[in-house]
Amino acid sequence: MSSREINIVTPKQDAAIAPRFNLILGDNPSTANLRRYLSGIPKVDAVGLEQRAAALSTRSIKSTSKLKSLDKIIELIDLTTLEGADTPGKIRSLAAKAIRPDPSDPSTPHVAAVCVYGDMVPYAVDSLRYFNKMRDGNSIKIAAVATAFPSGRASLNAKIVDTTEAVAAGADEIDMVIDRGAFLSGHFDQVFDQIASIKAACRRPDSTYACLKVILETGELNTYDNVREASWLAILAGADFIKTSTGKVSPAATLPMTLLMLEAVRDWYQLTGERIGVKPAGGIRNSKEAIRYLVTVAETVGEEWLQPHLFRFGASSLLNDVLLQRQKMKTGHYSGSNYVTID
Amino acid sequence: MTFLEYAPAPESKAILKLKPEYGLFIDGKFISGHGKPFQTISPSTEDPIATISCANEQDVDVAVSAARRSYEHIWSRLNGAVRGKYLFRIARLIQERSRELAVAESWDNGKPIKESRDVDIPLVAAWFFYYAGWADKLDYAGLGADPQPFGVAAQVIPWNFPLLMLAWKIAPALAAGNTVVLKPAETTPLTALLFAEILEQADMPPGVVNIITGAGETGRLLVNHPDVNKVAFTGSTAVGREIARAVSGTHKKLTLELGGKGANIVFEDAPIDQAVEGIVNGIFFNQGHVCCAGSRLIVQESIHDDLIERLKSRLSTLRLGDPLDKNTDIGAINSPAQLERIKALSSAGEVEGATRWSADCVMPAKGFWFPPTIFTNVSTSHSVARDEIFGPVLSVLTFRTPAEAIAKANNTPYGLSAGIWTDKGSRILAVADELRAGVVWANTFNRFDPSSPFGGYKESGYGREGGRHGLLAYLKSGAPATFKRSEKQVPTSASPVKAIRRSRMTKRVV
């Protein structure tokens, strides 16, 4: 354990998130208060939600729109490797791919971020340093999963250390997991406090914050009602992004779940004027599917959400399919897996 | 260009092999009618599609006698299993030709291709499959052993779901052993004529289904023909009344499926985003040309403003335009006459003091179009809350208690459909019990299934279509019929081919 002092912050003390819950809950995010508030949020009808998602899936995106979508998808990808077998070499390879996804076509945009385990952050920083220096403002972000990813089963102290170390090492973004056990057993305050504490741990010495993505692990929360409540809970506790899944639990991201979370951020925007990001992660493997997500975002929260600071795809194999489609659109014929690089 | 300006994705018309002219389909053949031919046009471009024959009195007579002959000598003598085989064959052919039928339907009617492709045509096939299954099980229809068909059914259908209404009418009639003379609407005859081709493909015995085209006069001649045993009509309440008058005092059986002013009741605990979808689906599906449309939104006062805001922003994402484009949500109004009616009723709503809001849609220069429109501040006495508009126009009323919601929902001369949106199961049951509407949807709207009966209360008509109940409109209970069971030509083999041969032989003998 780090010798640094572990500072468990209550939301009240933290200026970054105080306005959010004060607005909604006064100054007392107790379970009773949270439960009362969350239970007042309109419920979800599963059949209707899935019907809507299916209807959005029938949009037909052709020619110029398709080419535009493919580039957009690349710009929104968090290129991810989250394996026990990850090595510095693997991270370097991933970073190179993030910079230049298609070596045969320099017009290909770079991805939004690389997403790695916390201990791999220094290697990612190292690999991206030169590229990011050259592109002021339009850099490839480094996202680190933290808080005992993917299960989240560790003490709060361990989670905070996990986070502060990643931030200190240069992570721009923290992908944390919520304590699903606490949520399912009804301890909303515990979930809330953990998110708020991790938010506080995202604070850098210069008082800026690493972007906090809160993973709900929708496959474990199981019901749409749970996911909607968890989305609001995460937003209230300070999330900058709400993210569907770790990718380690099946089912991972689904279109109805993502639609539901988009509706939550839309409603939050209506209420406060503040835009929260959404990140579906895991299970989105091909362009066709990813385009459905773009359509869903554009038609639910609006096109302004299709920007890296408001929408991301957590994916690894998606990128190569997009590149193949892109090559096909440009050249008129399909190539094959040997014409895109493995990372 | 923004991402949301999706590039055009039109379904190709090249799949259609249309003839420039279509005759009447009588006794298994296309023959020209003796009335004045007319054009069917595309309501989205006003381009002519084909020239259609018009049936006059003489043609109607020929069609009815063909149906009579075929009834007496072929169709009523086949056993149920064989009738079922023909229906299964039709159903499969519809599936095979579904893309073509969807394109024809959208072109001729103006509805978006995504609806004809995903709703209309799959339901048409489902209807034939469903009643094909009933054909040899009529003993279990609840009418006692060996229920009998009526004979010749005269069927007149509307333009809003041309092929689907044809299926609703023809499938149960044939399953029950009746033969049919059907008249599609004069603005949408195309898919009925393609259906005639499917009948030829299915090797259907001649005269079992006859399709005659023409306007209101042809329909009047058909339902008034003395040799018709059963009249089935879907359309406006005014015409339904006229038919009821004409048929009264005759031996003819009658079912009517008429207008509606469906109430969509949204309680404050409703799943709100899905309710918004349901409201959109309830009134803007098929440009609101739906007799069971949820044209009156009855919303609890406490969520009125929030719901209307959500509804407006959702409506702003609807895409109005070329019905053949796969991304079109709102197609064209079917005819200039209907467009005039919608415009007139909407203006009346404004004059009476309701607040009008229309989505900001770009209207194509040619064709007949009306933007999705909402009227708020509507009270029960306003004409937009009482008259069937049959267009993409929603009237919003409010309520304070469930009792008031029920009273307002029932306060209409119609009674076809209603919707209830609430998270509370017990409330769904309690409210549904009180609503005088033939169909009540809970947390959904405009969902159809062949196994579920559909029909109205009060001025919305009588009789049911779909399900076991739909059969009862085409069967009389097991009293002795015109022939004894032993006289029926029951094929010795289950082979459909043999059965068809037998039916043909019967025809020739006659």
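**Helix α9 of chain A, and chain B**

Trainee: What covers the buried residues of α9(A)?
Mentor: In this predicted model, the cover includes the helices α2 (31-39), α7 (156-169), α8 (180-184) and α11 (224-237) of chain A, along with the strands β4 (173-177) and β5 (211-215) of chain A.

Trainee: And how many of the 14 residues in α9(A) are buried?
Mentor: Twelve, so to speak of the helix as mostly covered is fair. Among the buried ones are Phe188(A), Val191(A), Phe192(A) and Ile195(A), but Asp193(A) and Lys199(A) are buried too.

Trainee: What span should α9(A) have, and what does the model give?
Mentor: Helix α9(A) runs from 188 to 201, and at 1.5 Å a residue its 14 residues should span 20 Å. The end C-alpha atoms are 20 Å apart, which agrees.

Trainee: You listed α7(A) in the cover. Is Lys159(A), which sits in that helix, buried or exposed?
Mentor: Lys159(A) is buried: 23 other C-beta atoms lie within 10 Å, and the cut-off for buried is 20 or more.

Trainee: Which residues is Lys159(A) in contact with, leaving aside neighbours within four places?
Mentor: Ala146(A), Thr147(A), Ala148(A), Ala154(A), Gln194(A) and Ile198(A). Of these, Gln194(A) and Ile198(A) are buried residues of α9(A).

Trainee: Switching to chain B. Which domains does the assignment give?
Mentor: Domain 1 takes 24-257 + 486-509, and domain 2 takes 263-460. Their centres, taken over C-alpha atoms, are separated by 31 Å.

Trainee: How many residues of each domain are in contact?
Mentor: 23 from domain 1 of chain B and 27 from domain 2 of chain B. On the domain 1 side, α3 (98-109) and α4 (113-134) of chain B each supply at least two residues. The largest share there is seven residues, from α4(B).

Trainee: What classes of residue make up that domain 1 side?
Mentor: Ten nonpolar, eight polar and five charged.

Trainee: What about the chain-to-chain contact? How many residues does each chain put in?
Mentor: Chain B puts in 22 residues and chain A 25. On the chain B side, α4 and α9 (272-284) each give at least two residues, and α9(B) gives the most, with five. By class, the chain B side holds nine nonpolar, seven polar and six charged residues.

Trainee: What is the strand order in the seven-stranded sheet of chain B?
Mentor: β14-β15-β16-β13-β12-β17-β18, in an open sheet with mixed pairing. β14 (355-358) and β18 (439-442) of chain B are at the edges with a single partner strand each, so one side of each has no neighbour in the sheet. From one strand to the next, the twist averages 20 degrees.

Trainee: How do β13(B) and β16(B) run, and how many bridges join them?
Mentor: They run parallel, with five bridges between residues 296-300 and 393-399. One pair there is Arg296(B) with Ser395(B).

Trainee: Which strands does α11(B) lie across?
Mentor: Helix α11 (residues 336-351) of chain B crosses β14, β15 (373-376) and β16 of chain B, at about 135 degrees to β14(B).

Trainee: Last one: in what sense do β10(B) and β11(B) pair?
Mentor: Parallel, over five bridges. Thr234(B) stands opposite Glu257(B). Strand β11(B) covers residues 253-257, and four of its five residues are buried.

Note on methods:
Residues numbered from 1 in each chain as written. Chains lettered and ligands numbered in written order. Predicted model: local features only at pLDDT ≥ 70, side-chain atom pairs only at ≥ 80, totals over all residues. Domains from an automatic or database assignment. Contact = placed C-beta atoms within 7 Å. Nonpolar A, V, L, I, M, F, W, Y, C, P; charged D, E, K, R; others polar. Pairing = 2+ DSSP bridges. Axes fitted to C-alpha atoms, helices over the stretch in contact; angles between N-to-C directions. Expected span 1.5 Å × (residues − 1).
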